[in-house]
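Pull up the model and get the viewer ready. We'll go from the overall picture down to a few rings and back out along the strands that carry them.

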Amino acid sequence: MKFAIVFAALVAVAIAAGDVEVLKYDNENSGVDGYSFAFETSDGTKHDESGVVNNVGQENEAISVKGSYSFVADDGQTYTVNYVADENGFQPEGAHLPKSE
C-alpha cells in the first residue's frame with residue numbers, strides 16, 4: 001500500500017511540473033503475491049515495473065522487482081534504465097550508466 005501512495009505522488013508531481021498528460025496508466029495489485037504497473041506521459045517518460053513475493057509465508061519472504069524507465073533529458077536524448085531489485089539490492093543497467101567491475 002505504501003508503494004501505491006508513493007507511486008501516485010510521483011506521477012502527480014510529474015504532471016504538476018508542466019503541461020504533461022498521462023497517455024497510459026495500468027496498475028494491478030493483488031495485495032498478496034505481487035503487483036505490476038506501467039505509465040507513459042506526453043513528455044516521453046515511460047515506466048513499467050512488476051514485483052513478485054518469493055517464499056510467501058516463510059521467514060525469508062522477500063519481494064523481487066524488475067522494471068524499466070526512460071525519459072527525455074534536457075539534451076534531447078532518451079535515456080533508459082532497466083533494473084532488478086531483490087535480495088542483492090538495486091541493480092540498474094543503462095547505456096549511460098557506468099559499469100561496475
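What follows is a short walk through the fold, its strand pairing and its aromatic contacts.

First, some ground rules. This is a predicted model, so to speak of local features we need pLDDT of at least 70, side-chain atom pairs count only at pLDDT 80 or more, and totals for chains, interfaces and linings use all residues. Residues are numbered from 1 along each chain as its sequence is written, and side-chain values use heavy atoms, with hydrogens and water left out.

Now the overall layout. The protein has one helix and six strands, in the order α-β-β-β-β-β-β from the N terminus. Helices (H or I, at least four residues) and strands (E, at least two) are DSSP runs, numbered from the N terminus. Of the 101 residues, 21% are buried, where buried means under 20% relative accessible area, exposed over 50%, and partly exposed in between (1.4 Å probe, protein chains only). Among contacts with a separation of 6 or more, 13% come from residues 24 or more positions apart; a contact here is heavy atoms within 4.5 Å.

Next, zoom in on the rings. The whole structure holds four aromatic pairs. Rings of Phe, Tyr and Trp (its six-membered ring) pair if their centres lie within 6.5 Å; planes under 30 degrees apart are stacked, over 60 edge-to-face, and the rest tilted. Take Y69 and Y83: their ring centres are 6.2 Å apart and their planes sit at 50 degrees, so this pair is tilted. The two are 14 residues apart, with Y69 in strand β4 (residues 62–72) and Y83 in strand β5 (residues 78–86). Is each of them buried or partly exposed? Y69 is partly exposed at 30% relative accessible area, while Y83 is buried at 7%. Ring pairs also bring in F90, making a cluster of Y69, Y83 and F90.

So much for the rings; here are the strands. β4 and β5 run antiparallel, joined by eight bridges, and two strands count as paired if DSSP finds at least two bridges between them. Along that pairing, S70 stands opposite T80 in β5. The β4–β5 hairpin has five residues between its strands, and G76 there adopts a positive phi near 85 degrees.

Carry on along the chain and β5 pairs with strand β6 (residues 89–93), again antiparallel, over five bridges. Two residues make the hairpin connection from β5 to β6. Y83 turns up here too, with P92 in β6 as its bridge partner.
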